[in-house]
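Colleague: I am new to this structure and would like to go slowly. Please choose a single part of it, take a close look, and walk me through what lies there and what surrounds it.

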Amino acid sequence: MEGRQAGGAWAVMEKFYAAEAAYVAAGGYGKASYDRVAAYLDPEVVLHQAPGLPFTGTGTWRGRDGMERFLAAFSEVWESMEFLEQEHWGDGDTVVVRNRVRFRARATGREVDTLIVQLITVRDGRMLECRPFYWDPAAVARACDPAGPR
């Protein structure tokens, strides 16, 4: 079943985003089931994160296990994530998504409202590759910094 037969890349990503937000809200690694998230990931999934953010680690996360490790790091940093607006272009096996997201940092309780654009490829109804681009990475990092301004 190709991505377009499963309702296209956007249909897959809508379900993935809901599963990801629920996973983070439930506490993430060790506290929430990863099964719902993994259901939308190709076994060969690759996530290319921008370096320099508190949750990006090596920058490249491979496979379902790699994504679980990324989400573990992500959910240690963020207490919640709320998708405020989403727009998407393309479909079939590739989609570009503009997300306006509100995050709340665990360490500081601070919120950041930011834009993230993602270039996503889907294969057989599951995310194969994702490249997110953060509008204001400095604001994201500041929200997580306990030494930063309140």
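Modeller: A residue is called partly exposed when its relative accessible area falls between the two limits used here, since buried means under 20% and exposed means over 50%. With those limits in hand, please keep in mind that this is a predicted model. The part I have chosen is the pairing of charged and aromatic side chains around strand 3 and strand 4.

I begin with the sheet that holds these strands. It is an open sheet of six strands with mixed pairing, and the order of the strands is 2-1-6-5-4-3. Strand 3 is one of its edge strands, as is strand 2 (60–62), and each of these pairs on one side only. Across the sheet, neighbouring strands are turned by 20° against each other on average, with direction ignored. Strand 4 and strand 5 run antiparallel to one another and are joined over eleven bridges, and within this pairing Arg-100 has Leu-115 of strand 5 as its bridge partner.

Arg-100 is a good place to look at the charged side chains, and in general, side chains of opposite charge can pair when their charged atoms come close. Arg-100 forms a salt bridge with Glu-85, at 2.8 Å from N to O, and this pair links Glu-85 in strand 3 with Arg-100 in strand 4, 15 residues apart. Arg-100 also forms a salt bridge with Asp-113, where the closest N and O atoms are again 2.8 Å apart, and here the link runs from strand 4 to Asp-113 in strand 5, 13 residues apart. Because its relative accessibility is 24%, Arg-100 counts as partly exposed; Glu-85, with a relative accessible area of 35%, is partly exposed, and Asp-113, at 39%, counts as partly exposed too.

Further along strand 4, the side chain of Arg-104 meets that of Glu-79 in a salt bridge of 3.3 Å, N to O, and this pair joins strand 4 to strand 3 across 25 residues of sequence. Arg-104 has 28% relative accessibility, so it counts as partly exposed, and Glu-79, at 31%, likewise counts as partly exposed. These two residues belong to one network, in which salt bridges that share partners join Glu-79, Glu-82, Arg-102, Arg-104 and Glu-111. For the structure as a whole, the count comes to eleven salt bridges.

The aromatic residues of the same two strands give another view. A search of the whole structure finds eight aromatic pairs. In one of them, the ring centres of Phe-74 and Phe-103 lie 5.8 Å apart, and because their planes stand at 75°, the pair is edge-to-face. Phe-74 belongs to helix 3 (residues 63–77) and Phe-103 to strand 4 (residues 94–105), so this pair ties together parts that are 29 residues apart in sequence. Phe-103 takes part in a further pair, with Trp-78: their ring centres are 4.6 Å apart and their planes at 25°, so this pair is stacked. Since Trp-78 lies in strand 3 (residues 78–91) and Phe-103 in strand 4, the stacked pair ties together parts that are 25 residues apart in sequence. Trp-78 is buried because its relative accessible area is 0%, Phe-103 is buried because its value is 2%, and Phe-74 is buried as well. Ring pairs also extend the group, linking Trp-61, Phe-70, Phe-74, Trp-78 and Phe-103 into a cluster.

Two of these aromatic residues lead on to the nonpolar interior. In soluble globular proteins, nonpolar side chains tend to be buried together. The largest nonpolar core here has 42 residues, and Phe-74 and Trp-78 are among those with the most contacts inside it, together with Phe-55, Ile-120 and Met-127. Helix 1 (residues 8–25) gives the most to this core, with ten residues.

Helix 1 also lies across strand 1 (41–48), strand 3, strand 4, strand 5 and strand 6, and runs at about 175° to strand 3. Helix 4 (residues 137–144) packs on the sheet too, where it touches strand 3, strand 4, strand 5 and strand 6, with its direction at about 120° to that of strand 5.

To bring the two views together, strand 3 and strand 4 are linked by the salt bridge of Glu-85 with Arg-100 and by that of Glu-79 with Arg-104, while the stacked rings of Trp-78 and Phe-103 tie together these strands as well.

Conventions. Residues are numbered from 1 along each chain as its sequence is written. This is a predicted model: local features need pLDDT of at least 70, side-chain atom pairs count only at pLDDT 80 or more; totals for chains, interfaces and linings use all residues. Side-chain values use heavy atoms; hydrogens and water are left out. Rings of Phe, Tyr and Trp (its six-membered ring) pair if their centres lie within 6.5 Å; planes under 30 degrees apart count as stacked, over 60 as edge-to-face and the rest as tilted. Helices (H or I, at least four residues) and strands (E, at least two) are DSSP runs, numbered from the N terminus. Buried means under 20% relative accessible area, exposed over 50%, partly exposed in between (1.4 Å probe, protein chains only). A nonpolar core is a set of buried Ala, Val, Leu, Ile, Met, Phe, Trp, Tyr and Cys residues joined through side-chain atoms within 4.5 Å. A salt bridge is a side-chain nitrogen of Lys or Arg within 4 Å of a carboxyl oxygen of Asp or Glu. Two strands pair if DSSP finds at least two bridges between them. Axes are lines fitted to C-alpha atoms, for helices over the stretch in contact, and angles run from 0 to 180 degrees between N-to-C directions. Contact means heavy atoms within 4.5 Å.
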